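Visitor: Please take me through one part of this model at close range. I would like the part and its surroundings in one connected account.

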Amino acid sequence: PAGIAAAVAAARAGASVQLIEVAGCLGGVWTAGLLTKILDAENKAGIMPELLQKFTAQGSAVANQTGGTVYDPEIAKLVLEEVCLEAGVKIRLHTRLVGAVTDSNRRIVAVVTESKSGREAWLAERFVDCSGDGDLAAHAGCRFDLGVDENCECQPMSMLALLTGIDADAVRPYIRETAPSAKRLLLKLMEQHGLSPSYRAPTLRHLHSDIFSIMTNHEYGVSAFDANGISAATVRARREIHDLVNGLRSIGGPWKNIAVVATAEQIGIREGRRIRGRYQITAEDLAKGLKHEQSVCTVKFPIDVHALNAHGNKEINREFKNGGHQPYDIPYPALVAADVDGLLLAGRCISGDFIAHSSYRVTGNSVPMGEAAGLAAAVSFQKRV
């Protein structure tokens, strides 16, 4: 989501923009990840409300009722492509970043990719890393932080899925957006029938007609840049989703025809590298409600650390909430890489500590970060600064 906003903002500001995407669609966790819910989007200006309006206009009654924050990933794929093309953004899909080239002044001058077209180098005046995991910054030699402490213990990953074969009215008490106790009731139903989801707050969302999304999986202790670990987590998560859906089907009643439509192409990653920037957002900033003269956006989402391991409640680690939090600003310098020039960051890979990251990481904040980074990339080049 950060990458869409960065590309569109830079193109609208007059820059020539190449957007490079590893998946077969734009949007990252919104689309390839089947997220279906955008958090902390309601108080934002700029590109975020523009996208929400388009998700609403082209979406279902549910999208309309939620102001586009509950959306259909297929609609999102189409909208994001249209918005980028209208802005003049050049789109390259199915292409993976594999390296970066810096000059003697520590400025990035090119990125290296692999695709069906082979190995390619892409030269530009400015680069924006919206990879989520800070992949470009790491290739360029930037320092980064990871996890809660020196053990690099990170938040768990979660695979999402789309379901069908349920009537919304028949399962209304279990639907997150229309029933306050939905998560607790769905967990109770599962446990009563011998099902034990790895995420203890299973979340069922109604998207449209008889299509739903579900998130009820945690994969613990997996690094965002360990391909073997992510592969194993993906296989485990997909197996768990099918086992849980099969278990729900065996309950009968309104669940008797439930089926998996799709599991996410990309497992949902909450936490990867936090790249060192010219400002680091901290838990103290959240506690005091930081106000910054170079604010990119204001974050209202709470501290949200999912359980770090399979012990305890397997839901949210409440011990990290002790410092509290108020609405706070994302400062622009947190989007500027500290160790190389010509590189901006947007999304969850910006500069912050573990606790702050658990709040600003949600996608409603990624979009204004991307918009600011894209605009700064274009304007800084135009002004030669």
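Guide: What follows starts at one helix, goes on to the core around that helix, and then turns to a sheet and the cysteines.

The model is predicted. Begin with helix 10, residues 363-382. At 1.5 Å a residue, its 20 residues should span 28 Å. The end C-alpha atoms are 29 Å apart, which agrees. Now its setting. Of the 20 residues of helix 10, 15 are buried, so the helix is largely enclosed by the rest of the structure.

Look just past the helix. Arginine 384 is found in the segment after helix 10. Its phi is near 60°, a positive value in a residue other than glycine. Most residues other than glycine have a negative phi. Arginine 384 counts as exposed, because its relative accessibility is 62% and the cut-off for exposed is over 50%.

Next, what encloses the helix. The largest nonpolar core has 43 residues. Ile281, Tyr328, Ile330, Leu335, Leu343, Ile350 and Tyr360 touch the most other members. Several elements give two or more residues to this core. Among them are strand 4 (108-115), helix 5 (135-139), strand 13 (295-299), strand 14 (328-331), strand 15 (343-345) and helix 9 (354-360). Helix 10 is also one of these elements. The largest share, five residues, comes from helix 10. In soluble globular proteins, nonpolar side chains tend to be buried together.

Take isoleucine 330 as a sample of the packing. Leaving aside its neighbours within four places in sequence, isoleucine 330 is in contact with Ile281, Leu335, Ile350 and Tyr360, among others. The list of contacts for isoleucine 330 also includes Gln294, Ser295, Val296, Cys297 and Val299. Met369 is another contact of isoleucine 330.

Alanine 5 gives a second view. Alanine 5 lies in helix 1, residues 2-12. At 0% relative accessibility, alanine 5 counts as buried. Not counting residues up to four places away in sequence, alanine 5 touches Ile47, Val367, Gly370 and Glu371. Alanine 5 also has a distant partner in sequence to compare. Cysteine 84 is 79 residues apart from alanine 5 along the chain, and their C-alpha atoms are separated by 8.8 Å.

Now the sheet. Four strands form an open sheet in the order 9-10-8-11, with antiparallel pairing. Strand 9 and strand 11 (259-263) stand at the edges, each with a single partner strand, so one side of each is left without a neighbour in the sheet. From one strand to the next, the twist averages 30°.

Start at the strand 9 edge. Strand 9, residues 203-208, is mostly covered, with five of its six residues buried. Five bridges pair strand 9 with strand 10 (residues 211-215) in the antiparallel sense. Histidine 206 stands opposite phenylalanine 212 in strand 10. The hairpin of these strands has two residues between them. Serine 209 lies in that loop. Its phi is positive, about 40°, although serine 209 is not a glycine. With a relative accessible area of 52%, serine 209 is exposed.

Go to the other edge. Strand 8 (residues 160-164) is joined to strand 11 by four bridges, and the two run antiparallel. Leucine 163 stands opposite valine 260 in strand 11. Helix 7, residues 227-251, lies across strand 8 and strand 11 and runs at about 160° to strand 11. Threonine 234 is found in helix 7. At 15% relative accessibility, threonine 234 counts as buried, because buried means under 20%. Threonine 234 touches Met159 and Ile267, not counting residues up to four places away in sequence.

Last, the cysteines. The count of disulfides comes to zero. Two cases show the distances. The sulfur of cysteine 25 has its closest cysteine sulfur in cysteine 84, 12 Å away, too far for a bond. Cysteine 25 counts as buried, at 8% relative accessibility. For cysteine 130, the closest cysteine sulfur is in cysteine 349, 6.9 Å away, which is also too far for a bond. Cysteine 130 is partly exposed, with a relative accessible area of 26%.

Back to the starting point: helix 10 is largely enclosed, and helix 10 gives the largest share of the 43-residue core.

Note on methods
Residues are numbered from 1 along each chain as its sequence is written. This is a predicted model: local features need pLDDT of at least 70, side-chain atom pairs count only at pLDDT 80 or more; totals for chains, interfaces and linings use all residues. Side-chain values use heavy atoms; hydrogens and water are left out. The expected span of a helix is 1.5 Å times one less than its number of residues. Buried means under 20% relative accessible area, exposed over 50%, partly exposed in between (1.4 Å probe, protein chains only). Two strands pair if DSSP finds at least two bridges between them. A nonpolar core is a set of buried Ala, Val, Leu, Ile, Met, Phe, Trp, Tyr and Cys residues joined through side-chain atoms within 4.5 Å. Contact means heavy atoms within 4.5 Å. Axes are lines fitted to C-alpha atoms, for helices over the stretch in contact, and angles run from 0 to 180 degrees between N-to-C directions. A disulfide is a pair of cysteine sulfur atoms within 2.5 Å.
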